[in-house]
Amino acid sequence: MAGKGMKSLHEAMRTMSLSSTSRALQRPSPHLSCRRSMATEAPAPDITRSVSSYGEGIATYVPLTVHAFPSMEPVSLESWSAKHLHLPLRRDILHLAVIYEGDKTRQGTASSKTRWEVHGSHRKLYQQKGTGKARRGSKQSPLLRGGGKSFGPKPRDFSTKLNRKVYDLAWRTALSYRYRRGELIVTEDGMELPLPEDFLQLAAAGQLQRELEDSFVRKYVKQMLEALQWGKPHGRTTFIAGDRRPNLFTSLELAGEDGRALELDDVDVKDLLETGRIVIERSALREMIKVHQSDVVSNVVVNGLRKGKLPLGQVLIP
């Protein structure tokens with residue numbers, strides 16, 4: 001009886017140990033469920049990504065069409081670096097540049113006289129006590145009419161500072177903004193407004209009055225800009241040339257409500273953002289970008305070569 005009892009007890013204990021072992025195998029390990037990979041551990045194959053997918057869709061060069069003026073027929077196709085004409089919009093950089101230019105244009109010549117600069121004697125007007133009047137000093141007192149000015153303006157310099165690389169980046173950001181919106185129109189060199197030959201002959205002979213000449217030129221320019229959809233209803237147009245062109249500049253001065261013409265030396269970042277579009281000569285665009293690319297061109301010269309120098313417009317289709 002004792003042997004049968006011990007045998008049954010051993011079988012029961014064995015059954016219990018097997019059931020606990022199976023449950024332990026079926027239960028997930030808490031350490032495995034919250035396990036974190038080490039920084040030096042190789043990533044799993046299913047989450048790897050090729051390097052080419054990160055740079056997919058990023059343009060390195062952008063096309064630019066050169067037109068003939070005023071017919072606007074395409075003449076050639078050029079390739080420009082994306083760092084010149086395809087930068088992302090940075091409103092903060094543009095804001096800094098516009099404020100910098102505005103501060104530099106302030107004259108700061110406002111000036112007023114203090115009580116010691118007003119003409120006249122500085123003696124006391126009357127005695128301090130015994131008159132029943134308010135106390136007075138000299139007649140140059142700021143409290144009296146004709147006296148000096150307390151804390152008045154004096155000539156000062158309102159100009160602020162801005163890093164050159166930031167300012168150059170603002171120039172190319174403004175051009176890129178126009179390029180992305182299709183509002184940067186590049187023309188051949190020598191952009192000039194061709195006036196009718198009959199009108200030029202009559203004007204040279206002195207057979208037209210000045211008012212009649214101005215009226216004809218104003219109407220002619222307005223019709224040309226309206227045909228190109230560049231006039232006032234479409235946001236006006238800024239023409240930028242390398243130097244002054246007599247017919248173009250004089251005509252746009254008469255029709256200033258539809259556009260304006262500027263020389264390259266008179267252009268600022270604000271001028272590139274004000275009107276509806278920019279019409280610029282090819283040489284003027286090249287010079288503008290050449291001057292304002294300090295942030296992409298290194299000052300280190302190795303073996304006579306400057307690192308980071310980008311080409312300024314390569315002709316693809318002449």
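Colleague: Why is Glu 183 called buried?

Modeller: The model is predicted, and the relative accessible area of Glu 183 in it is 15%. Buried means under 20%. The value of 15% falls under that cut-off, so Glu 183 counts as buried.

Colleague: Where is Glu 183, and what does Glu 183 touch?

Modeller: Glu 183 sits in the loop between helix H5 (164-180) and E3. Leaving out residues up to four places away in sequence, Glu 183 touches Arg 178, Gly 276, Arg 277 and Ile 278.

Colleague: What makes the pairing of the Glu 183 and Arg 178 side chains a polar contact?

Modeller: The distance is 2.5 Å. The cut-off for a pair of N or O atoms is within 3.5 Å. The side chains of Glu 183 and Arg 181 also make a polar contact, at 3.2 Å. Both values, 2.5 Å and 3.2 Å, lie within 3.5 Å, so both pairs meet the distance limit.

Colleague: Why does Lys 161 count as exposed?

Modeller: Its relative accessibility is 84%. Exposed means over 50%. Lys 161 is over that limit, therefore exposed. Lys 161 lies in the loop between helix H4 (91-105) and H5. The C-alpha atoms of Lys 161 and Ala 97 are 10.0 Å apart, with their positions 64 residues apart along the chain.

Colleague: And Pro 70: why is Pro 70 called partly exposed?

Modeller: Pro 70 has a relative accessible area of 26%. That is neither under 20% nor over 50%, so Pro 70 falls in between and is partly exposed.

Colleague: Where is Pro 70, and which residues is Pro 70 in contact with?

Modeller: Pro 70 is in the loop between E1 and strand E2 (74-81). Beyond its neighbours within four places in sequence, Pro 70 is in contact with Pro 194, Met 224 and Leu 228. The C-alpha atoms of Pro 70 and Leu 193 are separated by 7.2 Å, although these residues are 123 apart along the chain.

Colleague: Why are H7 and H8 called roughly perpendicular?

Modeller: Helix H7 (residues 210-227) packs on H8 at an angle of about 95°, with the axes 9 Å apart. Roughly perpendicular covers 65 to 115 degrees. The angle of about 95° is inside that range, so the label holds. H7 contributes Asp 214, Val 217, Arg 218, Val 221 and Leu 225 to the contact, and H8 contributes Ser 251, Leu 252 and Leu 254.

Colleague: How do you know that E1 and E3 pair?

Modeller: Two bridges join strand E1 (residues 61-67) to strand E3 (residues 184-187). Pairing needs at least two bridges, so E1 and E3 qualify. The two strands run parallel. Val 66 stands opposite Val 186 in E3.

Colleague: What is the strand order in the sheet, and what makes E5 and E9 the edge strands?

Modeller: The order is E5-E4-E6-E3-E1-E2-E9, an open sheet of seven strands with mixed pairing. Strand E5 (259-263) and strand E9 (314-317) each pair on one side only. Neighbouring strands are turned by 30° against each other on average, direction ignored.

Colleague: Which helix packs on this sheet, touching E4 and E5?

Modeller: Helix H8 (residues 246-254) does, touching strand E4 (237-241) and E5. The direction of H8 makes about 140° with that of E5. Roughly antiparallel needs over 145, so H8 and E5 miss that label and count as oblique.

Colleague: How much of the protein chain is buried?

Modeller: Buried residues make up 30% of its 318 residues. The chain has 10 helices and nine strands.

Technical notes: Residues numbered from 1 in each chain as written. Predicted model: local features only at pLDDT ≥ 70, side-chain atom pairs only at ≥ 80, totals over all residues. Heavy atoms only, no water. Helix = DSSP H or I, 4+ residues; strand = E, 2+ residues; numbered from the N terminus. Axes fitted to C-alpha atoms, helices over the stretch in contact; angles between N-to-C directions. Contact = heavy atoms within 4.5 Å. Buried < 20%, exposed > 50% of the residue type's maximum accessible area, 1.4 Å probe, protein only. Polar contact = N/O pair within 3.5 Å; in protein donor to acceptor, adjacent residues only side chain to side chain.
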